[in-house]
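Trainee: Got a minute to go through a model with me? I'd like to see how one chain is put together.
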Amino acid sequence: MYYSKFFILLSALLISNSTQIANAQAKNEICFSTEAEYNEILASNKAPLILQKLPLYLGGESMIKGKVAVSLSFVNGVIKFYVNAATMIGDFKITTSNENRVKVCVDDAKLKLEFTKGPAQEATLLGPKKISIKGFDIETMNLKDFTSLDAAVSERASASAKTKSNSSSAGGNQ
Amino acid sequence: MICFCKIMKLFSVGISLLICGVALSAEQSQIFKSKDDIAIYSKNEIAFSDIGKIKDYFGILIQAKESERQLAQADIYVFNNEQKISIDQALCGSYTDKIFGSESETGLKVEKKINLFKTPTGQSCEILLKDNDRSAKIPYRYVIAGFVHGRSVALVWQLNSVTDEDKAKLKTFWLALR
C-alpha cells in the first residue's frame with residue numbers, strides 16, 4: 001500500500017520535473033516570420049549560427065534516398081521556404097517541390113517550420129552548417145551550388161512512370 | 001516447441017505486412033484509372049512531398065507520355081470526409097482555402113473567378129492561382145477539383161507559365177480520368 005503511494009508520488013514528481021524542463025526549453029525558443037522580427041533577433045545576438053545570414057541555402061544527396069535543395073529567404077519582408085527534392089524509386093526519379101510562407105522557430109537544438117497549412121516540420125541542428133530534416137542531413141551552400149543542385153533535382157528522368165503505371169491505372173472501376 | 005512458436009509468430013507478422021501492402025496498393029489503384037499512361041505515388045514513397053501540405057494530400061500523379069515536365073506531374077488531394085456529392089463554386093473555393101490558405105496568408109491570388117465545367121460524371125471546377133511574389137520559384141498553381149469514383153479529389157499542377165492551351169490539355173486529361 002505504502003509502496004504504491006510512494007510510486008504515485010514519484011511519478012507525479014517526475015512528470016512535474018519533465019514539464020518544467022520542457023517549459024525551460026520552450027523559453028529558449030525564438031520565432032520570426034518577417035524580416036523586421038529576424039533583424040531584432042540578430043540585434044539581440046539570439047540567432048543560432050546557422051541563421052546568422054539569410055537567405056539560407058541548404059542541400060544534400062544520398063545514394064539511396066535522392067537529392068534535396070532547400071532555401072529560406074525573405075521576399076517582400078516575409079520569409080519563404082522552398083524545397084525541391086528528387087526521390088529514387090528503383091531506377092526511377094520522382095521530383096517534388098513546394099514553396100510556402102513560414103514561421104521559423106529555433107532553439108539550441110531544433111529548427112521548426114510552421115506552415116500556413118499542414119503540420120509543422122522539425123529539423124535537428126547538427127552544427128553551424130548542417131541540419132537533419134526528414135532523415136536527410138543537409139548542409140549550407142552558396143547560391144551557385146544551390147542553383148546547380150536545384151536544377152539537377154528538377155531534371156526530368158525519362159519514362160519515369162512507365163513501370164508503375166500499369167498497377168496504378170488498372171484497378172479502378174466507376 | 002519454443003522455436004516453432006517463434007516461427008509461427010514471424011509467419012503471422014509476415015502475413016499481416018503482406019495484407020497491409022495489398023491494402024495500400026488497392027487504395028492507390030482505386031483513386032483513378034485513365035486511358036492515358038499514369039502512375040500514382042503515395043506521399044510516403046516520395047521524400048519531402050508532404051512538407052507544408054495538409055493531411056488530405058495523397059501523393060503524386062505522373063502522366064508518363066506528357067512531354068512537358070510542368071504538365072506531367074500533379075499533386076493529388078483526396079477529401080475523404082466530404083459530405084457534398086457534387087461540385088459547386090463554394091465547395092471549389094473551400095478546397096483552395098483548405099489546400100493553400102487565404103491570399104493574405106500565402107500571397108496566392110485567384111487569377112480569374114472559379115470556372116465550373118461539365119464532365120461525364122457531373123461538374124468539376126478549375127482555378128488558377130498566381131503568386132503575388134514576382135520572384136516566386138513556383139509562380140502558378142492550377143487546380144482542377146471534382147468527384148472521381150464518388151470521391152472528392154483535387155489535382156494541383158505547379159506551373160512556371162500557363163497558357164489556354166496548357167489548361168485545355170489538363171482539362172482533357174482530367175476528363176479522361178475514371
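Mentor: Sure, let's take chain B through a few questions. This is a predicted model, where local features need pLDDT of at least 70, side-chain atom pairs count only at pLDDT 80 or more, and totals for chains, interfaces and linings use all residues. Residues are numbered from 1 along each chain as its sequence is written, while chains are lettered from A and ligands numbered from 1 in the order in which they are written.

Trainee: How many helices and strands does chain B have?
Mentor: We go by DSSP runs, numbered from the N terminus: helices are H or I with at least four residues, strands E with at least two. Along the sequence the pattern reads α-β-β-α-β-α-α-β-β-β-β-β-α. The count is five helices and eight strands.

Trainee: Which residues of α3(B) are buried?
Mentor: Helix α3(B) covers residues 89-100. Buried means 20 or more other C-beta atoms within 10 Å of the residue's own, with C-beta atoms placed from the backbone. The ones that qualify are B:C92, B:Y95, B:T96, B:I99 and B:F100.

Trainee: And why do the buried residues line one face of the helix?
Mentor: Look down the axis of α3(B) and take the directions from that axis to the C-beta atoms. The buried residues line one face because they fall within an arc of 100 degrees.

Trainee: What is the bridge partner of B:L116 in β6(B)?
Mentor: β5(B) and β6(B) form a hairpin with two residues between them. They pair in the antiparallel sense over five bridges, where pairing takes at least two bridges found by DSSP. The partner of B:L116 is B:C125.

Methods
Expected span 1.5 Å × (residues − 1). Buried ≥ 20, exposed ≤ 12 C-beta atoms within 10 Å, placed from the backbone.
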